[in-house]
Amino acid sequence: INNHQVIYKIKDIISRELNINLEIKEVNEFSVEGFLKIELIEVREYKFSYGVYQINCSEEGNGDSYLVFENNNYMLYCLSDGMGVGKLAKEESSFTLKLLKSILETGMDLRNSIMLINSLLKVKNRFDMYATLDLVSINKRNLKSHFFKNGAVHSYIFSNIENKMIEVNTSSLPIGIVDSVNSFDSYFATKNAGKKSAIKTEKNL
C-alpha cells in the first residue's frame with residue numbers, strides 16, 4: 001500500500017465518522033521525517049437554478065445574450081447586450097460571452113479574461129461596436145458571489161431568510177470602447193442557501 005492510498009483511506013474514515021463529505025485540499029511533508037500533514041475541507045452540495053425572461057422591443061429583436069456554465073468550482077451567470085438592436089447586436093453579445101467561456105476554460109482568471117476580451121473586441125470592432133458584460137460568479141463551496149460589471153445596469157440580491165434586498169450598482173463602461181477596461185467588481189458573502197440574484201440588461205425591467 002502506498003502513501004496515496006493511505007491518504008485517501010484516512011479521508012474516507014474521517015468523512016464516515018463525522019458524517020460529512022470531505023475532500024483533500026493539500027498534502028505536505030511534516031517537520032518529522034516520515035510524517036505527512038493532510039488538510040481536508042468539507043464539500044457542501046448546493047443546487048443552483050436559474051430562469052430567463054426576454055422582451056423584444058422591436059421587430060428586429062434584441063441584442064441580448066446569456067450564458068450559464070460551470071468553471072472549476074464556480075457557477076457563472078452571464079449577460080451581454082450588444083450595441084443597438086437586431087441581428088448584429090445579438091451577434092456581438094453572443095460572441096462576447098462565447099469568447100469569455102473559451103478564455104476561462106484555459107485557466108485564466110475573470111479579471112484578466114475581461115481585459116483580454118476588451119482588447120480583442122477593440123481589434124474586431126472596426127465599426128465602433130461594443131457590448132456590455134454583466135456576470136456573477138458563485139463559489140459552489142461557500143456560496144460567495146462575485147459580481148463583474150462592464151456597462152451593465154444595477155443587479156439585486158434577494159434573501160428570503162434574512163428578509164432583505166441588496167442593490168449592486170455600477171458606473172463602468174462597456175467593453176470594446178477604450179484600450180484599458182475598468183471593471184466594476186464586488187464580493188458578497190452568503191451565510192446560507194436560499195438567496196436569489198437578479199441581473200438584467202435594461203434599467204426599466
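Mentor: A salt bridge is a side-chain nitrogen of Lys or Arg lying within 4 Å of a carboxyl oxygen of Asp or Glu. In this predicted model, local features require a pLDDT of at least 70 and side-chain atom pairs count only at pLDDT 80 or more, whereas totals for chains, interfaces and linings use all residues. Residues are numbered from 1 along each chain as its sequence is written, and side-chain values use heavy atoms, with hydrogens and water left out. A search of the whole structure finds 5 salt bridges.

Trainee: Why is the contact of Asp12 with Lys11 called a salt bridge?

Mentor: The closest N and O atoms of Asp12 and Lys11 are 3.2 Å apart, so the pair meets the 4 Å limit. Asp12 is partly exposed at a relative accessible area of 37%, while Lys11 is buried at 14%. Those words rest on relative accessible area: buried is under 20%, exposed is over 50% and partly exposed is in between, with a 1.4 Å probe and protein chains only.

Trainee: What makes Glu39 and Lys25 a salt bridge, and which parts does the pair tie together?

Mentor: The closest N and O atoms of Glu39 and Lys25 are 3.8 Å apart, which also satisfies the definition. Glu39 belongs to strand E2 (residues 36-42) and Lys25 to strand E1 (residues 22-29), so the pair joins parts 14 residues apart in sequence. Helices (H or I, at least four residues) and strands (E, at least two) are DSSP runs, numbered from the N terminus. Glu39 is partly exposed at 32%, and Lys25 is exposed at 51%.

Trainee: What is the distance in the salt bridge of Lys140 with Glu70?

Mentor: Their closest N and O atoms are 2.6 Å apart. Lys140 sits in the loop between E5 and strand E6 (145-150) and Glu70 in strand E3 (residues 64-71), so this pair ties together parts that are 70 residues apart in sequence. Glu70 counts as exposed because its relative accessible area is 52%.

Trainee: Why is Asp134 classed as it is, buried or exposed?

Mentor: Asp134, in strand E5, has a relative accessibility of 1% and therefore counts as buried. Its side chain makes a polar contact with the side chain of Lys149 at 3.0 Å. A polar contact is a pair of N or O atoms within 3.5 Å; within protein, one must be able to donate a hydrogen and the other to accept it, and residues adjacent in sequence count only if both atoms are side-chain atoms.

Trainee: What makes a set of residues a nonpolar core?

Mentor: The residues must be buried Ala, Val, Leu, Ile, Met, Phe, Trp, Tyr or Cys, joined through side-chain atoms within 4.5 Å. The largest nonpolar core has 17 residues, with Leu100 and Leu135 making the most contacts inside it. Strand E4 (74-81), helix H2 (86-104), helix H3 (110-124) and strand E5 (133-139) each supply at least two residues of this core. H2 gives the most, with 5 residues.

Trainee: What is the span of H2, and what is expected?

Mentor: H2 has 19 residues and reaches 28 Å from its first C-alpha to its last, close to the expected 27 Å. The expected span is 1.5 Å times one less than the number of residues.

Trainee: What makes E7 and E8 paired strands?

Mentor: Two strands pair if DSSP finds at least two bridges between them. E7 (residues 155-159) is joined to the antiparallel strand E8 (residues 164-168) by 5 bridges, so the pairing criterion is met. E7 is mostly covered, with 4 of its 5 residues buried.
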